[in-house]
Amino acid sequence: AIGDDLKTLLINDELLEIKGNASYGEDIFITSNGDIYVSGYEIATNEFNNYYYRSVLWKNGKLQPVLSYGTFNNNAVARSVFVADNNVYVAGNYGYYVDDGVWTNGQFELLERPSGDVDKVKAYSVFVAGGDVYVAGSVYYHDGRFSTPKAALWKNNVPMILGAGDM
């Protein structure tokens with residue numbers, strides 16, 4: 001149970017104090033030299049005392065500079081992390097109503113939209129091989145009143161919709 005002030009947590013009848021912001025780990029990557037990266041998000045408050053998600057990255061347990069895009073960082077989640085050739089790639093979003101993308105060493109780039117009536121694109125996983133950056137995610141196509149998601153793969157930010165049943 002969490003206390004009303006969000007500063008206490010009851011586990012097995014033991015009262016614990018929560019230090020800092022509530023936070024969530026989404027993905028982990030361990031480099032060949034043993035550095036441990038965790039992508040995720042924390043719950044923060046803005047100048048109006050409203051809560052929002054802020055995308056974050058930890059390296060060896062220490063919070064790195066907050067991932068953002070410009071000054072906007074509202075309801076952002078860092079979903080996946082990959083490290084290659086001393087470059088850190090993080091897939092995620094920087095706002096609920098905005099397309100997802102990839103941070104490369106802290107610099108955010110939106111995923112390219114494929115052709116068609118696209119509502120939004122989402123990034124769920126990032127992988128790097130042979131210098132190529134791969135992102136797995138979804139493309140949401142406008143379908144009347146709703147959006148229909150389709151699995152997608154981006155290679156170096158070029159989108160490809162994955163077919164159903166292609167094996």
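Two residues are in contact here when they have heavy atoms within 4.5 Å of each other. With that in mind, residues 24 or more positions apart account for 25% of the contacts with a separation of 6 or more in this protein. The model you are looking at is predicted. Its secondary structure comes to zero helices and 14 strands, and 34% of its 167 residues count as buried.

**The overall picture**

- Reading from the N terminus, you will meet one β element after another: β-β-β-β-β-β-β-β-β-β-β-β-β-β.
- The accessible surface of the protein comes to about 10400 Å², and carbon and sulfur atoms make up 51% of that surface.

**An open sheet of four strands**

- Strands of a sheet pair through backbone hydrogen bonds, in either a parallel or an antiparallel way.
- In this protein, one open sheet has four strands in the order β3-β4-β5-β6, with antiparallel pairing.
- Its edge strands are β3 (23–30) and β6 (62–63), and each of them pairs on one side only.
- Strands β3 and β4 (residues 36–45) run antiparallel and are joined by seven bridges; across this pairing, Gly25 stands opposite Gly40 in β4.

**Two residues to compare**

- Is Ser39 buried or exposed? Ser39, which is found in strand β4, is buried because its relative accessible area is 0%, and the cut-off for buried is under 20%.
- The side chain of Ser39 reaches the backbone nitrogen of Ser80 at 3.5 Å.
- Beyond its neighbours within four places in sequence, Ser39 is in contact with a long list of residues, including Tyr24, Gly25, Val56, Trp58, Ser80 and Val90.
- Ile30 sits in strand β3 and counts as exposed, because its relative accessibility is 52% and exposed means over 50%.
- Together, Ile28, Ile30 and Ile36 make a nonpolar surface patch of about 270 Å².

**Strands β8, β9 and β10**

- Strand β8 (residues 87–93) pairs with strand β9 (residues 101–104) in the antiparallel sense, over four bridges.
- Strand β9 also pairs with strand β10 (residues 107–110), again antiparallel and over four bridges.
- Val102 is a handy residue to find: Ala91 stands opposite Val102 in β9, and Val102 stands opposite Glu109 in β10.
- Two residues lie between the strands in the hairpin of β9 and β10, where Asn105 takes a positive phi near 50°.

**Salt bridges**

- Side chains of opposite charge can pair when their charged atoms come close.
- How many salt bridges are there? The count comes to six.
- One of them joins Arg79 and Asp100, with the closest N and O atoms 2.5 Å apart. This pair links distant parts of the chain, since Arg79 is in strand β7 (residues 77–84) and Asp100 is in the loop between β8 and β9, 21 residues apart. Both Arg79 and Asp100 are buried.
- Asp100 also meets Lys122 in a salt bridge of 3.5 Å, N to O. Lys122 lies in strand β11 (residues 118–129) and Asp100 in the loop between β8 and β9, so the pair ties together parts that are 22 residues apart in sequence. Lys122 is buried, as is Asp100.
- Lys155 and Asp132 form another salt bridge, at 3.9 Å from N to O. Here the link runs between strand β13 (residues 146–155), which holds Lys155, and strand β12 (residues 132–143), which holds Asp132, and the two residues are 23 apart. Lys155 is partly exposed at 39% relative accessible area, and Asp132 is partly exposed at 22%.
- Shared partners join Arg79, Asp100 and Lys122 into one network of salt bridges.

Definitions and conventions
Residues are numbered from 1 along each chain as its sequence is written. This is a predicted model: local features need pLDDT of at least 70, side-chain atom pairs count only at pLDDT 80 or more; totals for chains, interfaces and linings use all residues. Side-chain values use heavy atoms; hydrogens and water are left out. Two strands pair if DSSP finds at least two bridges between them. Buried means under 20% relative accessible area, exposed over 50%, partly exposed in between (1.4 Å probe, protein chains only). A polar contact is a pair of N or O atoms within 3.5 Å; within protein, one must be able to donate a hydrogen and the other to accept it, and residues adjacent in sequence count only if both atoms are side-chain atoms. Accessible areas come from the Shrake-Rupley method with a 1.4 Å probe; for residues, only the protein chains shown count as cover. Patches are made of residues with over 30% relative accessible area and no salt bridge: like charges are joined within 9 Å, nonpolar side chains (Val, Leu, Ile, Met, Phe, Trp, Tyr) within 5 Å. A salt bridge is a side-chain nitrogen of Lys or Arg within 4 Å of a carboxyl oxygen of Asp or Glu.
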